[in-house]
Amino acid sequence: MVMSLDSDRLDAVTAHLRSPPLRREEYEDLFGQAPVIFAALSGPQHLLEAANPAFFEAIGGDPDRAGTPLGELVPELAAQGVLDRLDAVYRSGVAHRARAGRLILGAPGAEREGFFDFTYEPRRDAVGRVDGVVVIAVETTSHHHAQLLAAEQRVLLERIARDAPLAEILTGMALAIEELSPGMLVSVLLSDDDGRHLWHGTGPSLPDFFNASVDGITTGESVGSCGTAAHQRTPVIVTDISTDPLWEGFRDLAARAGVAACWSTPIMSADGRLLGTFAMYHRTPKAPDEQDLALSSAFARTAALAIERHQATEAGRAAQEREKEAREDLAFVLDASTAITREPHFTDCLQCLARLTVPTLAPLCTVHVLEDGRTQRIAVAAATRADEDFLASPGVRDRIDEAVAHVLASGSTETDRSGTRSGLPGSAGYVCVPLATRGRTFGVLTLLATGRPLDDHIIALAEELASRAAASADNAHQFSDRVQLARDLQAGLLPPELPTIPGAQLAASYHPAGEGLDVGGDFYDVFPLPDDRWAVMIGDVRGRGAAAATTTGMVRHTARAAARLLHDPAAVVGAINDALTSSSVNADDFVSLVYGELLPGTSPLTLELLRAGHVPPLVRRTDGTVEQLAQSGLLLGVAPEFDGSPCRVELYPGDSLVLVTDGITEARSADGEFFDEHRLAEALLGCGSSGAPGLIAAVNAAVTAFAGPSTPDDQAALILTAV
């Protein structure tokens, strides 16, 4: 603020030829009601000769003590250099001007800070000698505080904009206010979501014990200034804590902290939510002035902005964290489910489940299943050896078994999060989750905590994983049952064991396609006939499953029945063809077959073989050659009449008849090549003279090495070696 006076008026003030009473009258006429601060000081002691009301209101002192030295009237000015400056003007006769000079005014305990634009002008007598000093000033405190307030708010807004920590913003705000208003102590309390409690936000100049005592305070009527303001959602002004009923329960605390007045303003959000309270404390009883109220209102709005920004930022971070956790949870469940699903067997699925939960969900895991009315533990996983030892400690197994029994009976999750109900020393609780599918609880997944307790998040993951694992385990159980059923059915279509034929050695093998879920169409059989004859056959029925099994059974039973009545291999094969073509069950099925009969008492060992569309039989001689028997007839079941005739095969000791199905010759390598009859012959030649079992092993090893262990078609082989 710029202060200016007309030169003629200033001259009238500083050049006085009149007596003091006349000068006082002129002073009063000129400055009596003016807002400008005026004082006329006389002599080297700066006696207060005259002053207007604005002087006493701003600077202080007793208006009735005119003629008193200024240093006695306002003693606090001496220590601040005011008297020294007046002395300099009086001695030198040179005026002094100052802008925004700072003064601390008032008695101890009631000080206030003021800022002024000063002019100290020497006053001269009739001969030009300096006989006093005229003081003219304008108070700029409000303007100065407004500038500081604006500057501090800009700093706070910059901190808010860059997402500075809330504590840093609030503490910076409190310190700024305390600097603007010396003697004031500032506190901010933050509200919880329901507005029922207030928590420490900042209070840099209040004692730590005071901040700790009000941290978590419940809002309500007569709960100090802040608790009441938060409850009523209106400002609460307590000018004297020692007598105000709102502070009845906190007077001792306030006395220990040395605070005597408290003005609290609720901090409200834009949508009307309580965010906290903004409090101003004084060490002496005091009522707020307009500047205090404006300050409180302005900084309460700033605090609201900071808190809302902080809450929005924290909500965003929490949402991101929840999203991250949800992605991690989903990835964990999907990866674990995939790993469990890959296990083809029931027990392996549940053992995989136990391994995957440790230590991600808990340090200890067990899996129990109910089979044939009995409960058994089939999987255990532990993060450390100590955890494993804990599981084996006395009482732990029994307590878990008891909880498992409850869950199997109820089908519901049972939890003990703290370990208090479990009665297990060293345990932080457990959760037992049912493994259920198709409306039946068949098992229980148990997680046991030995460190941090199990929370809702862990329990939810365990339930989700258990649900998926139960479905996978049930599928694996059904898969195992189906494989076993297929094996049992397949076993019924193959001879349980090969018979002993005089003068011959037999060996056979059968490998189902894929996982062996369906009954295959490949078969072989060796059975005795009347007159010391023996029948040998191998075949392949088109298709798989029940239909192929039915056809296979019909072919085997027809062959066994017809061969006992007919002594001609061609007639036996014809009977099989008649059965196939006349059947209404599987009209579209056809069969490839090699059927032969071993003649009695022959030397060398002699067979009559007949081939119906099947893989050509091979004869491996002891001299290292392999012969192919190419003679063939049509597939069986294709035409009403079978046209074919047998060929005679003679086997000398060490010679072998090799019969295989096309699952062996048509096995494919990775690049699509067939194993074919040539590689079969090479496998037979490369194994040496090891008899029928050795030849079978050599053929299977060669096929596996060529095409891998999995086969898309059934593979059957039957080898007869003359001895």
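The exercises below, each with a worked solution, concern cavities, a pocket, aromatic rings and a sheet in a predicted model.

Residues are numbered from 1 along each chain as its sequence is written, and side-chain values use heavy atoms, with hydrogens and water left out. Since the model is predicted, local features need pLDDT of at least 70 and side-chain atom pairs count only at pLDDT 80 or more, whereas totals for chains, interfaces and linings use all residues.

**Exercise 1. The enclosed spaces**

Determine how many cavities of 30 Å³ or more there are, and describe the lining of the largest cavity.

*Solution.* Begin with the terms: on a 1 Å grid over the protein atoms alone, a cavity is a set of points where a 1.4 Å probe fits but cannot get out, a pocket is an open set with protein on both sides within 12 Å along at least five of seven lines, and lining residues have an atom within 4 Å of a point. Grid points are joined across faces, edges and corners, and a volume is the space filled by probe spheres set on the points. By this rule there are three cavities of 30 Å³ or more.

Next, take the largest cavity, whose volume is about 120 Å³. Its lining consists of 15 residues, and Val-214, Ile-217, Cys-226, Trp-247 and Tyr-281 lie nearest its centre. Two or more lining residues come from each of strand 6 (184-191), helix 8 (208-214) and helix 9 (224-232), where helices (H or I, at least four residues) and strands (E, at least two) are DSSP runs numbered from the N terminus. Helix 9 gives the most, with four residues.

Finally, sort the lining by class: Ala, Val, Leu, Ile, Met, Phe, Trp, Tyr, Cys and Pro count as nonpolar, Asp, Glu, Lys and Arg as charged, and the others, Gly among them, as polar. For the largest cavity this yields ten nonpolar, five polar and no charged residues.

**Exercise 2. The second largest cavity**

Give the volume of the second largest cavity and the classes of its lining residues.

*Solution.* The volume of the second largest cavity is about 100 Å³. Of its 13 lining residues, Phe-55, Leu-70, Leu-77, Phe-118 and Val-135 lie nearest the centre. Strand 1 (37-42), strand 4 (112-124) and strand 5 (130-139) each supply at least two lining residues, with strand 1 giving the most, namely three. The division by class is 13 nonpolar, no polar and no charged.

**Exercise 3. The largest pocket**

Describe the volume of the largest pocket and the make-up of its lining.

*Solution.* The largest pocket has a volume of about 670 Å³. It is lined by 24 residues, of which Glu-111, Arg-112, Glu-113, Pro-182 and Lys-286 are the closest to its centre. Strand 4, helix 6 (141-161) and helix 11 (290-342) give two or more residues each, and the largest share, four residues, comes from helix 6. By class, the lining holds five nonpolar, eleven polar and eight charged residues.

**Exercise 4. Aromatic rings**

Classify the ring pairs Phe-55 with Phe-56 and Phe-346 with Phe-442.

*Solution.* Rings of Phe, Tyr and Trp (its six-membered ring) pair if their centres lie within 6.5 Å, and planes under 30 degrees apart count as stacked, over 60 as edge-to-face and the rest as tilted. The count comes to eight aromatic pairs. Phe-55 and Phe-56 stand 5.3 Å centre to centre with 85° between the planes, an edge-to-face pair. The ring centres of Phe-346 and Phe-442 are 5.9 Å apart and their planes meet at 50°, so this pair is tilted. The latter pair links distant parts of the chain, 96 residues apart, with Phe-346 in helix 12 (residues 346-357) and Phe-442 in strand 16 (residues 440-448).

Accessibility completes the picture, with buried meaning under 20% relative accessible area, exposed over 50% and partly exposed in between (1.4 Å probe, protein chains only). Phe-55 is buried at 5%, Phe-56 is buried at 16%, Phe-346 is buried at 9% and Phe-442 is buried at 3%.

**Exercise 5. The open sheet**

State the strand order of the open sheet of six strands and identify which strands stand at its edges.

*Solution.* Two strands pair if DSSP finds at least two bridges between them. The order is 8-7-6-11-10-9, with antiparallel pairing. Strand 8 (217-218) and strand 9 (236-238) are at the edges, and each has a single partner strand, so one side of each is left without a neighbour in the sheet. Within the sheet, strand 6 and strand 11 (residues 274-282) pair in the antiparallel sense over seven bridges, and Val-186 stands opposite Met-280 in strand 11.
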